[in-house]
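Open the model in your viewer and keep the selection prompt ready. The tour goes from the whole chain to a patch on the surface and then to a strand residue.

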Amino acid sequence: MTFSQLKTFLEVARQGSVRGAAASLLITEPSVSAALAALRDELQVALVERDGRGIRLTAAGTELARYAAQILGLTEQAVRRTREAAGQAAPLNLVAVTTAGEYVLPPILKVFREAHRDVQLRMEVGNRATVVDRITAREADLGFGGRPPEGRGIRGVPFLDNELIVVAPHDHAYGEEESVDPALLAAETWLVREPGSGTRETTQEFWAQNGFQVGSAMTLGSNGAVKQAAAAGLGVALISAHAVAAELASGALCRLRVAGTPLRRKWYVLYLEADPLSGSCIQFLDLLSSQEARTAVGAWLGGAGARPAPV
Ligand code: PGA
């Protein structure tokens, strides 16, 4: 069993197809199939099975994928720590939920980069489940999300306020109201993010807390799609104020002053509790807890009206 075979296998597990894994790893499909065959022959068990046009993992394959992620993550960590022990700056692998990756981290990354040009930065953006997986497998040093996971050995440290508000098309009937009863919104079409999104979970909790059965909800796969659909008049959405600063400033969307909102949450930085932190991680954590980081995010979002709205 080689690292390369495990890496290929893990990518098949994540992409759900040989073709997807080949495209993601920039190798040929026969190379992917050969790696799968070599692992199957060595372990003498079926690791994948057909599933429509793609493939899915067998129970044995799921187990191997779990170990593969750990083995590869630990190996990467060993390389990073060894280089650091020799005086080189450790690269910093980050993983963020969509909203944080798109609307919170960019100005912080800029400040960090200006101060630490020798640190190689990489950031993956995914949903909450991806963030937790990457941290657990040690593929990412630090993660960012609005809802820290319970257990799993992950520590969550709040670093910034995150207010969730209800937004609607700019000409919504309740746009001028000082206080909107949440019950009035049960009849609206709610625009919600995809399963796995923290914003979606918070929206569902908001519905449950207000005791309303939503008659009509539409799932859209990104903040951009939710915002554009709301601006086009399709419905209303609960969303982080960070994600709609530009649209509120430009007037494309309006905020509904729904009683009980904004929901006051935090953005958290997440990392494995038991692992020692690299020097680069400590530098990043120091920046996150500084006024400089808050000022950078505030200035960036404050100027959002002047920026073209993200699509
Ligand atoms: P999301 O995460 O961007 O995936 O919805 C937001 C959150 O964790 O609160």
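Start with the surface of the whole protein chain: its accessible area is about 15100 Å², of which 52% belongs to carbon and sulfur atoms (Shrake-Rupley method, 1.4 Å probe; for residues, only the protein chains shown count as cover). This is a predicted model, in which local features need pLDDT of at least 70 and side-chain atom pairs count only at pLDDT 80 or more, while totals for chains, interfaces and linings use all residues. Residues are numbered from 1 along each chain as its sequence is written, and side-chain values use heavy atoms, with hydrogens and water left out.

Switch to a cartoon. The chain has twelve helices and eleven strands (DSSP runs, H or I of at least four residues and E of at least two, numbered from the N terminus). Of its 311 residues, 46% are buried (under 20% relative accessible area; exposed is over 50%, partly exposed in between).

Next, select Met1, Leu43 and Val45, which make a nonpolar surface patch of about 230 Å² (residues over 30% relative accessible area without a salt bridge, nonpolar side chains joined within 5 Å; a salt bridge is a Lys or Arg side-chain nitrogen within 4 Å of an Asp or Glu carboxyl oxygen). Val45 lies in the loop between α3 (29-43) and β1 (48-51) and is partly exposed at 36%.

Now select Tyr271 in strand β11 (residues 263-272). Buried or exposed? Tyr271 is buried, with 9% relative accessibility. Beyond neighbours within four places in sequence, its contacts include Ile135, Asp141, Gly153 and Leu285 (heavy atoms within 4.5 Å). Finally, set a distance between the C-alpha atoms of Tyr271 and Gly153: 8.5 Å, for residues 118 apart along the chain.

Technical notes: Patch = residues over 30% accessible without salt bridge, like charges linked within 9 Å, V, L, I, M, F, W, Y side chains within 5 Å. Buried < 20%, exposed > 50% of the residue type's maximum accessible area, 1.4 Å probe, protein only.
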